[in-house]
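Let's take a walk through a protein chain together. Have the sequence and the 3D view open, and we'll go step by step.

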Amino acid sequence: VQLQASGGGSVHAGGSLRLSCAASDSILRFTLMGWYRQPPGKQREYVAMLTDGGSTNYAESLKGRFTISGDDRENIVYLQMNNLQPEDTAVYYCNAVLGRSNHWGQGTQVTVSS
């Protein structure tokens, strides 16, 4: 399984970005697909996930600003991020769980300036 994350960039506070995670296999195969992030000097933290049943879950602090969705025709999972703030600056990673296997994509940098 290969996951390719893209869509990061630099924005000002209040701006938006949409991250994409393209999977080498059907996203319907995965039990969970999600996004994590690692702010500078901090540990990786959970952002959001999408289950194979279509349910979503978010880190409490990000509810209302971030939206995760999937396109099972294109095998892409998106993370729409609105009203970005400097504290959202991080490397964002996509993740997929298949059985007992946990797969990670390379990160994509998001930088938010004030």
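What follows starts with the whole chain, moves into its core and its charged pairs, and ends with a few single residues.

Before anything else, keep in mind that this is a predicted model. So what is the chain built from? There are eleven strands and zero helices. Read from the N terminus, the run of elements is simply β-β-β-β-β-β-β-β-β-β-β. The radius of gyration is 13 Å, close to the 13 Å that the globule rule gives for 114 residues, so the chain is as compact as a globular protein of that length. If you turn the C-alpha trace along its principal axes, it spans about 40 × 25 × 25 Å.

How do the parts of the chain meet? Take the contacts between residues at least 6 apart in sequence: 52% of them join residues at least 24 apart. Of the 114 residues, 41% are buried. On the outside, the accessible surface comes to about 6,000 Å², and carbon and sulfur atoms account for 44% of that.

Now look inside. The largest nonpolar core holds 29 residues, and M33, W35, L79, M81 and Y92 are the ones with the most contacts inside it. Which strands feed this core with at least two residues each? They are β1 (3–6), β3 (17–23), β4 (32–38), β5 (45–51), β7 (66–71), β8 (76–81), β9 (90–98) and β11 (108–113).

Next come the charges. Side chains of opposite charge can pair when their charged atoms come close. This structure holds six salt bridges, and some of them join up: R37, E45, R65 and D88 are linked in a network. Let's take that network apart, starting with R37. The side chain of R37 meets that of E45 in a salt bridge, with 2.6 Å from N to O. Is each partner buried or partly exposed? R37 counts as buried because its relative accessibility is 6%, under the 20% cut-off. E45, at 29%, counts as partly exposed.

R37 also forms a salt bridge with D88, where the closest N and O atoms are 2.9 Å apart. This pair links distant parts of the chain: R37 is in strand β4, D88 is in the loop between β8 and β9, and 51 residues separate them. D88 has a relative accessibility of 0%, so it counts as buried.

D88 has another partner in R65, and here the closest N and O atoms are 2.8 Å apart. Again distant parts of the chain are linked, since R65 sits in the loop between β6 (56–58) and β7, 23 residues away from D88 in its loop between β8 and β9. R65 is buried too, with a relative accessible area of 17%. So within the network, R37 bridges to both E45 and D88, while D88 also bridges to R65.

Let's turn to the backbone. Most residues other than glycine have a negative phi, and most peptide bonds are trans. Two asparagines are worth a look here. N75 is not a glycine, yet its phi is positive, at about 60°. You'll find N75 in the loop between β7 and β8. With 18% relative accessibility, N75 counts as buried. N83 also has a positive phi without being a glycine, in this case about 50°. N83 lies in the loop between β8 and β9. Its relative accessible area is 40%, which means that N83 is partly exposed.

Last stop: the start of the chain. In a regular strand the side chains alternate between the two faces of the sheet. Which residues of β1 are on the covered face, and which on the uncovered one? L3 and A5 make up the covered face, and Q4 and S6 the uncovered one. β1 pairs with β3 in the antiparallel sense, over four bridges. To find one spot in that pairing, look at S6, whose bridge partner in β3 is S20.

Finally, zoom in on Q4, which lies in strand β1. Q4 is partly exposed, with a relative accessible area of 47%. Leaving aside residues up to four places away in sequence, Q4 touches S20, C21, A22 and Q106. For a sense of scale, the C-alpha atoms of Q4 and R44 are 18 Å from each other, and the two residues are 40 apart along the chain.

Methods: Residues numbered from 1 in each chain as written. Predicted model: local features only at pLDDT ≥ 70, side-chain atom pairs only at ≥ 80, totals over all residues. Heavy atoms only, no water. Core = buried A, V, L, I, M, F, W, Y, C linked by side-chain atoms within 4.5 Å. Buried < 20%, exposed > 50% of the residue type's maximum accessible area, 1.4 Å probe, protein only. Salt bridge = Lys/Arg side-chain N within 4 Å of Asp/Glu carboxyl O. Rg over C-alpha atoms; globule rule 2.2 N^0.38 Å. Contact = heavy atoms within 4.5 Å. Areas by Shrake-Rupley, 256 points an atom, 1.4 Å probe, with all protein chains shown as cover. Pairing = 2+ DSSP bridges.
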